[in-house]
Amino acid sequence: MDTFDVAVIGSGPGGYVAAIRSAQLGLKTALIEKDARLGGTCLNVGCIPSKALLESSELFYAAANNFSTHGILVEKAGLDLGKMMSRKDRIVKELTDGIGLLMKKNKIAVIPGMGSLSGPGRVRIDGGGESRDIEAKSVILAMGSVPVELPFMKFDGSNIITSTEALSFEKVPERLLVVGAGAIGLEMGSVWNRLGSEVTVVEMLPRVAPFADKQMSTVLQRALESQGMTFHLKSKVKGAQPEGDGLSVTFETEKGETRTVSCDKVLVAVGRRPLTDGAGLKEMHVALDEQRRIQVDDRYRTNVPGVYAIGDLIRGPMLAHKASEEGVAAAEIIAGKPGHVNYNAVPNVVYTWPELAQVGLTEAEAKEKGLPVKSGRFYFKANGRAKSLGDEEGLVKVVANADTDRVLGVHIVGPRASDMIAEAVSVMEFAGSAEDVGRTIHAHPTLSEVVKEAALAVDRKAIHG
Ligand code: FAD
């Protein structure tokens with residue numbers, strides 16, 4: 001029987017990164033993956049294909065609607081959806097092939113098949129009609145998550161669908177209903193809205209991107225509405241009935257009124273759940289919490305000796321970069337090093353237009369914790385670069401501790417917020433203050449000057465506002 005120091009089950013951004021870090025630390029490592037391609041949800045049906053389509057659809061929308069403001073006259077922007085999809089598929093293939101190369105480079109044994117815990121220090125791999133066991137001193141579980149299904153509206157793969165199908169429509173649906181205004185619902189809704197679908201979003205909570213700062217959610221919602229998306233907030237979807245080739249979806253509003261919307265497809269984007277049904281977890285008595293996530297301690301150890309868990313399987317935000325950092329930390333802990341993840345500095349991004357990005361506490365959360373809070377805001381409309389880009393919508397808000405000036409959170413809704421949040425993450429990682437950011441030289445003219453001005457605004461010292 002083959003013997004490894006570390007066996008990782010699942011090759012998403014948690015698992016493949018854990019495997020690379022383990023190999024770097026001199027541990028003999030195996031990576032087990034049930035799907036034909038490495039890279040997990042993120043590379044195959046998540047982060048990467050969605051961003052490829054967001055980029056393409058944004059260009060299409062700009063060509064159709066915004067080029068004329070630059071004096072560029074396009075008679076009529078045409079859409080070759082097949083080509084857009086092939087571009088997305090090529091990007092996914094290049095990146096997933098790249099993971100394969102990284103595995104070779106790091107001498108990691110990639111074992112195709114369904115992995116499961118089969119005994120202490122043992123993993124069974126079922127695939128291609130065969131079953132084999134390997135021995136591993138440590139096992140890292142990284143099986144990720146799957147979409148949550150509404151019990152009264154089961155996925156059928158064609159009309160009632162998950163984000164996976166919404167990444168590969170063969171034609172633009174005339175009317176798309178999205179259940180859930182979280183990151184996935186807003187991103188996929190944006191893609192199809194820009195390509196010409198009539199998009200309606202139904203959300204149970206009172207805000208879009210409910211995790212975000214209230215003002216940021218409001219600005220984002222208005223921007224998406226001005227692009228043509230319709231929102232029904234505080235509304236609960238109750239069911240769907242077939243109607244012609246499509247569906248009639250019923251939802252209940254806050255006031256208890258029943259409404260129906262006709263659509264071609266319903267994208268159910270109400271969240272994802274950890275994939276804890278198989279992999280021998282029950283048989284090996286791996287403890288789950290009340291939300292059926294694998295329970296781990298602060299060293300990613302489950303209750304079963306030698307078995308660790310990371311990524312979407314455990315508590316915390318379901319994000320690729322969070323999974324990867326946990327992969328690094330778990331590998332370092334297994335190698336006897338002090339692996340650590342700073343959960344106060346995990347950025348969260350919604351790649352709509354404008355983008356929404358945040359790190360740390362919102363003003364409301366900081367107040368709830370009883371912290372003394374001060375904040376500063378600055379708007380993109382007063383920034384030269386934003387004006388040149390023609391993207392003036394949005395603002396940056398810096399939340400700081402009123403006594404110490406330490407940055408507690410940064411919230412951005414605006415152009416390229418996804419890239420700009422990195423500065424805020426670094427500042428928070430180094431326990432920096434609002435004054436540190438305000439006194440840091442930012443190149444002119446750049447969007448990042450809005451972050452500097454918002455930091456200055458914390459003590460009412462913004463120069464241009
Ligand atoms: P996964 O990526 O889910 O990987 C798990 C892997 O384990 C899969 O390959 C699976 O096949 C394999 N597996 C499962 N069970 C077994 C088994 N028993 N044996 C062998 N293999 C097994 N996050 C971001 O940070 N940024 C984004 O922009 C973003 N966009 C997203 C867009 C969409 C549409 C979706 C759906 C998700 C998005 N996410 C994004 C979330 C992100 O994809 C996940 O948080 C991330 O992939 C979790 O990584 P993971 O390694 O824990 O699990």
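Start by selecting strand β5, residues 122-127, together with β6: the two pair in the antiparallel sense over six bridges. As you look around, keep in mind that this is a predicted model.

**Stop 1: a hairpin and its neighbours**

Stay with this pair and colour the turn. β5 and β6 form a hairpin with two residues between them. Click on G128 in that turn, and you will find a positive phi of about 55°. Now pick G127, whose bridge partner in β6 is E130.

Which strand does β6 join in parallel through six bridges? Select residues 3-9 to see strand β1, which runs parallel to β6, residues 130-141. To find one place where these strands face each other, show V8, which stands opposite I140 in β6.

Next, add β17, residues 307-309. Three bridges join β17 to β6, and these strands run parallel. Show V139 as sticks and look across to V307 in β17, which stands opposite.

**Stop 2: the ligand**

Now select the ligand and show what lies around it. How many residues surround the ligand? There are 38, and the closest are E33, T41, K51, G115 and A320.

Zoom in on T41 first. An N or O atom in the side chain of T41 is 2.6 Å from an oxygen atom of the ligand. Then move to K51, where an N or O atom of the side chain is 2.7 Å from a ligand oxygen. For C42, turn on the backbone: a polar backbone atom of C42 is 3.4 Å from an oxygen atom of the ligand.

Switch to a surface view to see how covered the ligand is. Taken alone, the ligand exposes 990 Å², and the protein buries 94% of that.

Which elements give two or more residues to the shell around the ligand? Colour these one by one: β2 (29-33), α2 (40-45), α3 (47-65), β4 (114-119) and α8 (320-334). The largest share of the shell comes from α2, with four residues. If you colour the shell by residue type, you will get 16 nonpolar, 16 polar and six charged residues.

**Stop 3: a sheet of three strands**

Select residues 236 to 263 and orient the view on the strands here. The strands β12, β13 and β14 form an open sheet in that order, with antiparallel pairing. β12 (236-243) and β14 (258-263) stand at the edges with a single partner strand each, so one side of each has no neighbour in the sheet. From one strand to the next, the twist averages 25°.

Look closer at β13, residues 246-252, which six bridges join to β14 in an antiparallel run. Pick L247 here, and you will see C263 of β14 standing opposite.

**Stop 4: a sheet of five strands**

Move along the chain to residues 348 onward. Five strands form an open sheet here, in the order β18-β19-β22-β21-β20, and the pairing is antiparallel. Which strands are at the edges? They are β18 (348-350) and β20 (373-379), each pairing on one side only. The twist in this sheet averages 10° from one strand to the next.

Focus on β18 and β19, residues 355-360: three bridges join these antiparallel strands. Within this pair, V349 stands opposite A357 in β19.

**Stop 5: some backbone details**

A short reminder helps here: most residues other than glycine have a negative phi, and most peptide bonds are trans.

Select W353 and P354, because the peptide bond between them is worth a look: that bond is cis, with omega near 0°. P354 sits in the loop between β18 and β19.Then select H444 and P445, which a cis peptide bond also joins, with omega about -5°. P445 is in the loop between α12 (434-438) and α13 (449-457).

Finish this stop at Y300, a residue other than glycine with a positive phi, near 65°. You will find Y300 in the loop between β16 (272-274) and β17 (307-309).

**Last stop: the whole chain**

Zoom out and show the cartoon of everything. The chain has 13 helices and 22 strands. The radius of gyration is 23 Å, close to the 23 Å that the globule rule gives for 465 residues, so the chain is as compact as a globular protein of that length. Along its principal axes, the C-alpha trace spans about 65 × 60 × 45 Å.

Definitions and conventions
Residues numbered from 1 in each chain as written. Predicted model: local features only at pLDDT ≥ 70, side-chain atom pairs only at ≥ 80, totals over all residues. Heavy atoms only, no water. Near = heavy atom within 4 Å. Polar contact = N/O pair within 3.5 Å; in protein donor to acceptor, adjacent residues only side chain to side chain. Areas by Shrake-Rupley, 256 points an atom, 1.4 Å probe, with all protein chains shown as cover. Nonpolar A, V, L, I, M, F, W, Y, C, P; charged D, E, K, R; others polar. Pairing = 2+ DSSP bridges. Axes fitted to C-alpha atoms, helices over the stretch in contact; angles between N-to-C directions. Rg over C-alpha atoms; globule rule 2.2 N^0.38 Å.
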